[in-house]
Amino acid sequence: MRALIRPRFLVAAAVTGVAAGLIGIAMALLLELFESLFYGVAHGGLLERLADAPPWRRALAPAMGGLIAGGMWWWLRATGGVADVEAAVADRSGQAASRMGLARPFLDAVTQVLTVGAGNSVGREGAPRLAAGAVAARLATRLGIGRSEGAILIASAAGAGLSAMYNAPLGGAAYAVELVMVSGMRRRGALVALPVCLIATLVSWLHSRGRPTFEVTSPGMSSGTALGLVMLVPVAAALGVGARRLWSWMLAHRVRVLPWLPVAIGAAGLVTGLVSLWVPAVVGNGRDAMEMAVGTDIPEAWSGATGAVLALLVGIVVLKPVLTGLTLGAGATGGRLAPSLAAGSSAGAALAIALHACGMEVSVAVLAIAGAGAVLATTQRAPVFGIVFTWELARAGAWTLVALFAVVVAVTLLASPAWRRTVASRLR
């Protein structure tokens, strides 16, 4: 513990937080740049760019991005690859961290952002996570920080990159502790991850102005919403387990012949682009799909376009995991957090609209946020992260947090036999 309060470690932690915040800003701006280049529209979010872009461009943009990214990954992997954050944290010798470097992780991160900006269906969170982790690894080496403390710093940096990208300091800290850190370092690591993520988030406010990722009014609870949350549990559990198994299978059978990467990722992008002609919200990492789901207004949805809204949401639920799996299987590097959020929030919103058709008063936002958190917690096998991170994205009030907590716990118990056995043993 004393090593964590030494001046050089404190300096490294502070610099890491600032660097992660700046990296988050840079990646966000870079994403906007790539979206405008690939779709030829300089304003609005990704869905607005799609609406203003010609059909041929919508179909071909993900394919072109896949070709370029595939070529870059071909070179990176053929010339030694890129050490990831998880390997650097888990390596007890410390050699993986010392070999990370800066140039290759940053190039890989830019390639990931390019892939998402072109419309390919993978998450963007891996880019700031990798780049921030590389900075932390370099700092740990230069300042002579011990292997154990260096691993904690790298894991905290990965969470800080996520915090800066999504303005979610608690969620970033939970990610670092629950998903990146390994056994034996989590208790000490939590004391480092939280301040590092807070610093990164504060720096990111230079760009985000402190606004939550999704603007949602604090909804109230009703009997219809409570019933919807109960019905959502098996739906979210099935969706989360199915997506996790699909993505794991695709990653295990991904394209490994390096010269095939440009063609494979480009082909996956072409499929995504063609599907987007009918279901636009499947493109990109999934942020726009979740924004649409939590912002769906039932009175507007029932003003003559009910079937179209419901079909669009169901299309995202079915197609987003499949297209994400196809992109990962083609050899792309990318996250699965935002695709999980997109599928889960769309499932919750679709269920809310269906219940409203039966005459019930239902909050779309509550079901969408609960569905997003439950699917995220299931695909990542991280219930604490799923609850904290999803709530921070919208900060939609106490009732929504209670609903999110209840649904995530119920889905985790339903989807994880090991978790059920652990809870049962503690209750005896």
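**Exercise 1. Find how many residues of domain 1 and of domain 2 are in contact.**

Step 1: Take the bounds, which come from an automatic or database domain assignment: domain 1 is 7-205 and domain 2 is 223-427. Residues are numbered from 1 along each chain as its sequence is written.

Step 2: Mind the model: it is predicted, local features need pLDDT of at least 70, side-chain atom pairs count only at pLDDT 80 or more, totals for chains, interfaces and linings use all residues, and side-chain values use heavy atoms, without hydrogens and water.

Step 3: Count contacts (heavy atoms within 4.5 Å). You should find 39 residues of domain 1 touching 47 residues of domain 2.

**Exercise 2. Work out the area buried between domain 1 and domain 2, and which three residues of domain 1 supply most.**

Step 1: Buried area is the accessible area (1.4 Å probe) that two parts lose on being put together, summed over both. Here that comes to about 3600 Å², with 66% on carbon and sulfur atoms.

Step 2: On the domain 1 side, Leu47, Arg77 and Ser121 supply 17% of the area buried against domain 2, more than any other three residues.

**Exercise 3. Identify which helix gives the largest share of the side of domain 1 that touches domain 2.**

Step 1: List the elements (DSSP runs numbered from the N terminus; helices are H or I, at least four residues, and strands E, at least two). Those giving two or more residues are H2 (46-52), H3 (55-78), H6 (103-117), H8 (147-166) and H9 (169-180).

Step 2: Compare shares: H3 leads with 14 residues.
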